[in-house]
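Visitor: I would like a close look at one part of this protein, the nonpolar core and what lies around it. Please take it step by step and keep it plain.

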Amino acid sequence: MSVDDIIRTQMTAAGMLMEDLSARVVIDPLAPGQTEALRDLAESLVAIADIVDAIRSL
């Protein structure tokens, strides 16, 4: 797997995570746990961004 493929995979994962939470928030914005889900997503996105930055610096 090339570096570009790894980056593409990570960015696709980020997009899928955002899409999933977006749908849940739109369907039921007042559901308990939505703010926790947002925080979890933010942590995941930061981790993915760090991975992509690290791969790009190789």
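Guide: Contact here means heavy atoms within 4.5 Å. By that definition, and leaving aside neighbours within four places in sequence, I7 is in contact with V52, I55 and R56. The model is a predicted one, and every contact named below is read from that model.

I7 belongs to the largest nonpolar core, which has 5 residues in all: I7, A14, I48, V52 and I55. Helix α1 (3-27) and helix α2 each supply at least two residues of this core. The larger share comes from α2, which gives the most, with 3 residues. Two of the contacts of I7, V52 and I55, are thus named again as members of the core. In soluble globular proteins, nonpolar side chains tend to be buried together.

Next to consider is Q10, a residue of helix α1. Not counting residues up to four places away in sequence, Q10 touches I48, I51 and V52. Of these, I48 and V52 are core residues, and V52 is also a contact of I7. Q10 and L30 are 20 residues apart along the chain, and their C-alpha atoms are separated by 30 Å.

From the core, the description can move along α2. Helix α2 covers residues 34-56, and Q34 is found in it. Q34 counts as buried because its relative accessible area is 11%, and buried means under 20%. Apart from residues up to four places away in sequence, Q34 touches L21, R24, V25, D28 and P29.

L38 is also found in helix α2. L38 has a relative accessible area of 46%, so it is classed as partly exposed, a class that lies between the 20% and 50% limits. The C-alpha atoms of L38 and S22 are separated by 9.5 Å, with these positions 16 residues apart along the chain counted as their separation.

The setting of the core is the whole chain. Its secondary structure comes to 2 helices and 0 strands. The C-alpha trace spans about 45 × 15 × 10 Å along its principal axes. The radius of gyration is 14 Å, whereas a compact globule of 58 residues would have one near 10 Å. Buried residues make up 17% of the 58 residues. The accessible surface comes to about 4400 Å², and carbon and sulfur atoms account for 63% of that surface. As for charge, the protein chain has 4 positive and 10 negative side chains, and the centres of the two sets lie 3 Å apart.

How values were computed: Residues numbered from 1 in each chain as written. Predicted model: local features only at pLDDT ≥ 70, side-chain atom pairs only at ≥ 80, totals over all residues. Heavy atoms only, no water. Helix = DSSP H or I, 4+ residues; strand = E, 2+ residues; numbered from the N terminus. Rg over C-alpha atoms; globule rule 2.2 N^0.38 Å. Buried < 20%, exposed > 50% of the residue type's maximum accessible area, 1.4 Å probe, protein only. Areas by Shrake-Rupley, 256 points an atom, 1.4 Å probe, with all protein chains shown as cover. Lys, Arg positive; Asp, Glu negative; His and termini not counted. Charge placed at Lys NZ, Arg CZ, Asp CG, Glu CD. Core = buried A, V, L, I, M, F, W, Y, C linked by side-chain atoms within 4.5 Å.
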